[in-house]
Amino acid sequence: MSAHATTTALTRTLQMTLAGSSDAHDVVVRVWLPERDPAPGGDFRALVEIEGFDEPYSRYFFGVDELQAFLAGCWIVPQILAMLAPAGARLTWLGEDDLGFGTSSAIP
């Protein structure tokens, strides 16, 4: 997807099943370890990338320190997935609806 200065991303592979189908395909979520924001006065940013939908998703999430930037990226993932997933799609991780990104990470 994008060239990123940090060489490490935490990757989670989810399975997506569309309504009326038993075929599943992978949706890959990467939350890159935070880096300094290059903007003047910037703090830290963590890149979130999602592949497996019609269009890849890539966006930075920011925090005053590395932990806040990383957690912001993780906590927003369920909401992003809900927006990107087609109507009626079911996303699971390890066979469960809880996608493991923190509180309220299950997608209805």
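## A bend in the helix

Helix α1 bends by about 40° at V77. A proline, P78, follows within four residues. This is a predicted model.

Helix α1 covers residues 66–84, which makes 19 residues. From its first C-alpha to its last, α1 reaches 26 Å. That is close to the 27 Å expected at 1.5 Å a residue.

## The buried side of α1

Which residues of α1 are buried? They are A69, F70, G73, C74, V77, P78, I80 and L81. V77, where the helix bends, is thus on this list, and P78 is on it too.

Look at the spacing of these numbers along the helix. An α-helix has 3.6 residues a turn, so residues three or four places apart point the same way. The buried residues of α1 pack against β1 (9–17), β2 (24–32), β4 (44–51), β5 (57–63) and β6 (90–92).

## The nonpolar core

The largest nonpolar core has 20 residues. Four of them touch the most other members: V27, V29, I50 and L81. Five elements give two or more residues to this core, namely β1, β2, β4, β5 and α1. The largest share comes from α1, with five residues.

Take V29 as a case. Which residues does V29 contact, leaving aside neighbours within four places in sequence? The list is L10, T11, R12, L14, E49, I50, V77, L81 and F101. V77, the site of the helix bend, is among the contacts of V29. I50 and L81 appear there as well.

## The whole chain

The chain has one helix and six strands. Along the sequence the pattern is β-β-β-β-β-α-β. The chain has 108 residues, and 37% of them are buried.

Now consider contacts between residues at least 6 apart in sequence. Of these, 46% join residues at least 24 apart. The chain exposes about 6300 Å². Carbon and sulfur atoms supply 55% of that area.

## An unusual angle at L94

L94 lies in the segment after β6. Its phi is near 55°. That is a positive value in a residue other than glycine. Is L94 buried or exposed? L94 is exposed, with a relative accessible area of 66%.

## Confidence

The mean pLDDT of the chain is 88. A value of 70 or more is reached by 88% of the residues. Over residues 104–108 the pLDDT is below 50. Beyond near neighbours in sequence, this stretch has 14 contacts in the model.

Key. Residues numbered from 1 in each chain as written. Predicted model: local features only at pLDDT ≥ 70, side-chain atom pairs only at ≥ 80, totals over all residues. Heavy atoms only, no water. Expected span 1.5 Å × (residues − 1). Bend = angle between axes of the 7 residues up to and from the residue. Buried < 20%, exposed > 50% of the residue type's maximum accessible area, 1.4 Å probe, protein only. Contact = heavy atoms within 4.5 Å. Core = buried A, V, L, I, M, F, W, Y, C linked by side-chain atoms within 4.5 Å. pLDDT = per-residue confidence, 0-100. Areas by Shrake-Rupley, 256 points an atom, 1.4 Å probe, with all protein chains shown as cover.
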